[in-house]
Amino acid sequence: MAALLEIDDLQVWYGDLQALYGVSTALDEGRVLALIGANGAGKSTLLSAVCGLLEGRAEGAVRLQGAPLLGRPAEALAYEGIALVPEGRMLFPSLSVEENLRMGMLTRRAGHWTLQRVYELFPVLQEFRTRPATALSGGQQQMVAIGRALLANPRLLLCDEISLGLAPVIVRQIYESLQQVRAQGMAIVLVEQDVQRACRMADAVCCLLKGRVTLQGKADAFDHARIAQAYFGH
Amino acid sequence: MDWIETLINGALLGALYGLLGLGLALVFGVMRVVNLAHGEFIVLAAFGGTTLASLAPSVNPLLWILPVALLAFGVGYLLQATLVNRTVRSGDPLIPLLLTFGVGVVLRNLMVEVFGTDPRALDGGAFTQAGIEFLGLRVGVFPITVLFLAAAMFGGLQWLLAHTEWGRIVRATSDNARIVRLMGVRPDRVYNTVMGLALAFAAVAGMLLALRSSFNPYSGVERLLVAFEVVILGGLGSFWGAFAGGIMLGIAQLLGQKFDSNAAALYAHLLFFVILVIRPTGLAGRAS
């Protein structure tokens with residue numbers, strides 16, 4: 001049986017600059033993949049290629065349950081069940097918290113996640129549902145961004161740097177929520193600079209360095225030194 | 001009493017001015033595109049109205065407003081889908097500006113070619129001449145109708161944007177056209193609908209203005225200037241601000257007319273200039 005997500009020999013260029021060099025990885029249903037690497041390693045480029053927001057030129061293959069994704073626009077892939085929690089949250093400032101959440105429901109995909117269940121996952125959002133989303137704290141905004149993605153009931157959830165700029169206590173809270181999301185059987189790709197946290201949650205890890213895969217396998221198969229070597233290249 | 005009547009009539013004229021700016025405010029608010037052909041589309045709709053009225057003289061021209069507005073919606077949708085979207089994608093605001101300037105020039109010359117340069121007007125019959133007396137004041141029935149129509153259109157648009165799924169999508173697309181794609185939205189289609197709606201509003205304004213005053217193919221620049229002043233006075237992208245801006249311009253123009261009948265428009269432009277100096281972000285605009 002084909003994996004849920006397959007990335008095969010993916011190469012990406014922005015003009016003359018090559019950002020990814022033959023990246024291959026895969027993710028099964030209900031599993032979590034931690035995509036780690038330093039700034040500029042190509043993690044966000046890889047996510048862009050999967051969700052259809054890539055602005056560069058790409059070669060290779062990205063498949064969702066065998067169906068090719070590369071070259072298809074993000075608006076089409078949303079209907080296929082791919083949702084992204086973008087880096088920096090990217091909430092819509094002129095929309096309230098609930099309006100932002102409802103934007104995730106536009107694809108009308110049926111599934112476990114409803115507005116009520118998102119409010120149960122993040123109770124604080126119900127309290128602030130009529131407030132402008134960008135008036136919330138950073139952590140609460142991240143909850144809105146995650147909730148918005150969940151309401152699309154995706155088959156694959158892509159999370160780009162969800163702990164960036166947040167207090168440790170909030171990060172812990174958000175990761176606990178992600179564990180509940182995972183328990184519903186959703187496949188997740190976690191792009192993180194907090195390597196230890198990402199590896200603790202993930203089933204598999206893939207480390208990128210300057211656009212190349214430097215380490216890949218089960219998350220608990222590598223010790224700290226091995227991951228650090230793959231991460232920094234020395 | 002005379003002054004009060006002038007104030008009221010100015011406000012009623014201003015409602016029509018507000019309507020002239022509504023489409024321009026909508027397009028700028030959502031796409032950050034300044035449609036320099038807006039005035040020409042207003043005049044084109046007026047020509048459309050006069051043409052239909054001449055084909056069916058027994059039909060009251062007011063009844064043509066809806067068909068002309070629907071036609072304008074289609075024109076706006078196609079204009080956006082075939083031309084403007086290509087320039088919006090470039091990300092450079094100068095390119096759509098140049099494109100709409102070009103569209104305006106082409107439209108103006110096409111109208112000269114097809115309709116000639118003689119001034120025209122729509123005859124609304126007794127309805128546009130009728131007036132009512134109230135507490136010693138005389139106010140036209142047609143301007144009052146225009147005020148209510150304009151308020152309904154401003155209110156309707158505001159309601160659509162605030163309370164419907166379409167409105168939510170439009171506001172989100174205006175906030176971030178890239179991210180909204182992740183939710184399955186095609187920004188191009190949103191823009192097509194918005195341009196269609198903007199030109200439908202322009203068409204209604206054009207028809208109503210043609211029932212009030214004469215126009216020719218060169219009147220577009222004058223209409224665009226009023227629409228610009230309305231939008232900037234109100235605060236870029238603010239609909240109720242545009243409505244208030246239109247009313248202020250109308251009042252300034254009629255008050256100016258009382259002082260100097262040859263320089264009515266000058267007073268409206270002066271008001272625009274003064275408010276721009278005092279409050280550069282407009283009446284409803286937020287300071288950056």
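I began with the chain contacts: 14 residues of chain B touch 21 residues of chain A. The model I am reading is predicted. I then sorted the chain B side of that contact by class and noted 5 nonpolar, 3 polar and 6 charged residues.

Next I looked at two helices of chain B. Helix α1 covers residues 2-31 and helix α8 covers residues 187-212. I noted an angle of about 165° between them, and their axes are 8 Å apart. Because angles over 145 degrees count as roughly antiparallel, I entered α1(B) as roughly antiparallel to α8(B). I looked up the hand of the crossing of α1(B) and α8(B) too, and it is left-handed. The residues of this helix contact divide into 20 nonpolar, 1 polar and 1 charged.

Then I turned to the nonpolar core. The largest one has 169 residues, and A:L158 and B:M207 have the most contacts inside it. Helix α8(B) gives the largest share of this core, 18 residues.

I followed B:M207 further. Leaving out residues up to four places away in sequence, I found that B:M207 touches B:A45, B:A46, B:G49, B:W64, B:I65, B:V68 and B:L122.

Last, I checked B:A151. I placed B:A151 in helix α6 of chain B, which spans residues 141-163. Is B:A151 buried or exposed? I counted 14 other C-beta atoms within 10 Å, so B:A151 is partly exposed; buried would need 20 or more, and exposed 12 or fewer. I also looked at B:A151 and B:L19, which are 132 residues apart along the chain. Their C-alpha atoms are separated by 8.8 Å.

Terms used. Residues are numbered from 1 along each chain as its sequence is written. Chains are lettered from A and ligands numbered from 1 in the order in which they are written. This is a predicted model: local features need pLDDT of at least 70, side-chain atom pairs count only at pLDDT 80 or more; totals for chains, interfaces and linings use all residues. Two residues are in contact if their C-beta atoms, placed from the backbone, lie within 7 Å. Ala, Val, Leu, Ile, Met, Phe, Trp, Tyr, Cys and Pro count as nonpolar, Asp, Glu, Lys and Arg as charged, and the others, Gly among them, as polar. Helices (H or I, at least four residues) and strands (E, at least two) are DSSP runs, numbered from the N terminus. Axes are lines fitted to C-alpha atoms, for helices over the stretch in contact, and angles run from 0 to 180 degrees between N-to-C directions. Angles under 35 degrees count as roughly parallel, over 145 as roughly antiparallel, 65 to 115 as roughly perpendicular and the rest as oblique. A crossing is left-handed if the near helix is turned anticlockwise from the far one by less than a right angle, and right-handed if clockwise. A nonpolar core is a set of buried Ala, Val, Leu, Ile, Met, Phe, Trp, Tyr and Cys residues joined through C-beta atoms within 7 Å.
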